[in-house]
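Let's work out how the labels people put on a protein model are earned. Have a look at the picture, then follow the questions.

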Amino acid sequence: SMNEQCWALIGGYDEEYKLWRVHLRRQISGRPGSVEADWEWALDQEEEFGNLSGFAHTHSVGAGIDPSARDIRTMQAWCSALGKPLLCLIAEGEELAEPVAYVFENDQSDGSATKAFEILDS
């Protein structure tokens with residue numbers, strides 16, 4: 001069966017170009033519907049460098065690319081913990097090909113779709 005994948009996003013919002021520029025880091029595989037990011041590493045990264053921008057993950061084929069209720073809760077919790085907007089990339093299938101991006105502004109946000117992002121060479 002297909003494993004879902006998850007990554008931490010490192011980078012930030014580029015004010016000059018008005019887009020998120022991120023690197024994929026710390027890929028982790030998990031069972032469909034239950035993959036977890038490396039939360040501890042992500043938190044350490046934020047504390048040391050302040051450059052955690054969010055998370056990317058895949059959904060099983062057929063599950064679609066909208067944030068799940070769990071995705072929304074998780075992103076809201078991270079926004080609350082870090083006190084800043086975060087990016088959530090979601091793709092359908094095994095690879096992070098043509099992901100859709102959602103910006104979570106704060107712990108009340110349900111995520112708003114954006115095309116203003118760039119995945120840099122990791």
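**Why these labels?**

Q: Why is Ser 60 called buried?
A: Its relative accessibility is 19%, and buried means under 20% relative accessible area, with over 50% being exposed and anything in between partly exposed (1.4 Å probe, protein chains only). So Ser 60 counts as buried.

Q: Hang on, what kind of model is this, and how are residues numbered?
A: It's a predicted model, where local features need pLDDT of at least 70, side-chain atom pairs count only at pLDDT 80 or more, and totals for chains, interfaces and linings use all residues. Numbering starts from 1 along each chain as its sequence is written, and side-chain values use heavy atoms, leaving out hydrogens and water.

Q: Where does Ser 60 sit?
A: Ser 60 is in the loop between E3 and helix H2 (69-82); helices (H or I, at least four residues) and strands (E, at least two) are DSSP runs, numbered from the N terminus.

Q: What makes Glu 48 exposed?
A: Glu 48 has a relative accessible area of 62%. Exposed means over 50%, so Glu 48 fits. Its place is in helix H1 (residues 39-49).

Q: How do you know that E1 pairs with E2?
A: Two strands pair if DSSP finds at least two bridges between them. Here 10 bridges join E1 to strand E2 (residues 19-30), so they pair, running antiparallel. Asp 14 stands opposite Leu 19 in E2.

Q: What makes E1 and E3 a pair?
A: Five bridges join E1 to strand E3 (residues 52-59), also antiparallel, so the cut-off is met. Trp 7 has Ala 56 as its bridge partner in E3.
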